[in-house]
Amino acid sequence: MKIAILGAAGRMGQNLLRCSTKIAGCEVVAAVDRGDHPLIGKPVAEWPDIVYTADWPIHAEAIIDFTFHAAVVGNLKNARANKQAVVLGTTGLSEDEKAFVQEAAKQIPIVQAANMSLGVNLLLELVKRAAQVLDPDYDIEITEAHHRLKKDAPSGTALMLAEAAAAGRAVALKDVACYGREGITGERPRGEIGIHAIRGGSIVGEHTVALIADEESVEITHKAYSREAFATGALRAALWLSGRAPGIYNMRHVLGFAE
Ligand code: NAD
């Protein structure tokens with residue numbers, strides 16, 4: 001699969017380039033970034049035949065986009081014009097930008113996920129199943145831990161886990177969520193889903209979902225050790241897109257949990 005990486009000079013782009021040499025079937029044919037980036041024209045260490053470029057990679061079969069939300073619509077227009085599959089990892093899209101993703105997916109296949117890690121996407125599935133099987137006598141508490149520089153809480157992944165747990169119980173998250181506790185909180189309501197954030201050091205990302213009953217508890221944990229966890233998932237998604245029909249897909253499709 002001939003792959004172009006958009007945002008190649010960025011944090012995720014650099015991880016994608018490193019991981020791409022380890023995954024059979026991936027051939028990076030373009031490392032694209034903004035025209036004013038200092039790396040433009042410099043050789044790509046992992047793929048000695050190419051240099052960082054600002055040109056659109058017409059010879060690529062799949063595009064992996066980890067850039068900036070405002071760049072996504074232009075990138076999708078180019079991919080659509082060239083009939084290229086897209087892995088869209090960029091987050092923070094506005095409502096209009098999200099609508100354009102749906103529009104473009106009528107003509108090209110797109111995998112879009114806010115967290116491309118294979119492990120997190122497996123965790124989402126396991127949590128939904130656990131919440132389905134274990135009744136609300138099992139109190140669900142979600143904790144996440146991240147580095148001290150993270151600007152938002154709880155993490156987007158913790159929210160996705162809470163949504164998965166709520167979906168497993170067939171309830172709306174907004175009706176059962178409890179974000180942290182302080183003061184005279186009263187007894188814990190049956191069916192509540194607690195969500196808590198820890199911040200410290202350089203933790204890349206840890207999420208635990210605990211289902212706690214009087215007589216036993218179950219805990220499911222995911223730990224990311226580096227951004228390569230997201231990069232590997234994105235590259236797997238690109239390979240999976242080979243020969244797919246136009247449409248919008250997510251990592252559940254890539255992992256085989258959804259048709
Ligand atoms: P970053 O700022 O380190 O890198 C972004 C790169 O994109 C920069 O090098 C920038 O110059 C480049 N860029 C911006 N506009 C461009 C354009 N029009 N064309 C080509 N290149 C362009 O950011 P990052 O940490 O690598 O994250 C990138 C995006 O990926 C963010 O939206 C982030 O939230 C998201 N992200 C998603 C996942 C996931 O699993 N889906 C994981 C990590 C990060």
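Start at the seam between the two domains of this predicted model: domain 1 and domain 2 bury about 630 Å² between them, and 66% of that area is on carbon and sulfur atoms. To see the seam, colour residues 2-112 plus 227-255 as domain 1, then give 118-224 another colour for domain 2. Domain 1 is written as two stretches of the chain, so select both of them.

Now pick out the residues that touch. On the domain 1 side there are six, and they are in contact with four residues of domain 2. Show M251, R252 and L255 as sticks: together they supply 58% of the area that domain 1 buries against domain 2, more than any other three residues.

Next, zoom in on R252 and bring up E125 as well. Their side chains meet in a salt bridge, with N to O at 3.0 Å. Count the salt bridges across this interface and you get one. Polar contacts come out at one residue pair, with both partners at pLDDT 80 or more.

Switch to cartoon and highlight two helices, α7 (228-240) and α8 (251-255). Each of them supplies at least two residues of the domain 1 side that touches domain 2. Colour that side by residue class and you should find three nonpolar residues, one polar and two charged.

Finally, zoom out to the whole chain. Put a marker at the C-alpha centre of each domain and draw a line from one to the other: the two centres lie 31 Å apart.

How values were computed
Residues numbered from 1 in each chain as written. Predicted model: local features only at pLDDT ≥ 70, side-chain atom pairs only at ≥ 80, totals over all residues. Heavy atoms only, no water. Contact = heavy atoms within 4.5 Å. Buried area = accessible area lost by both parts, 1.4 Å probe. Salt bridge = Lys/Arg side-chain N within 4 Å of Asp/Glu carboxyl O. Polar contact = N/O pair within 3.5 Å; in protein donor to acceptor, adjacent residues only side chain to side chain. Helix = DSSP H or I, 4+ residues; strand = E, 2+ residues; numbered from the N terminus. Nonpolar A, V, L, I, M, F, W, Y, C, P; charged D, E, K, R; others polar.
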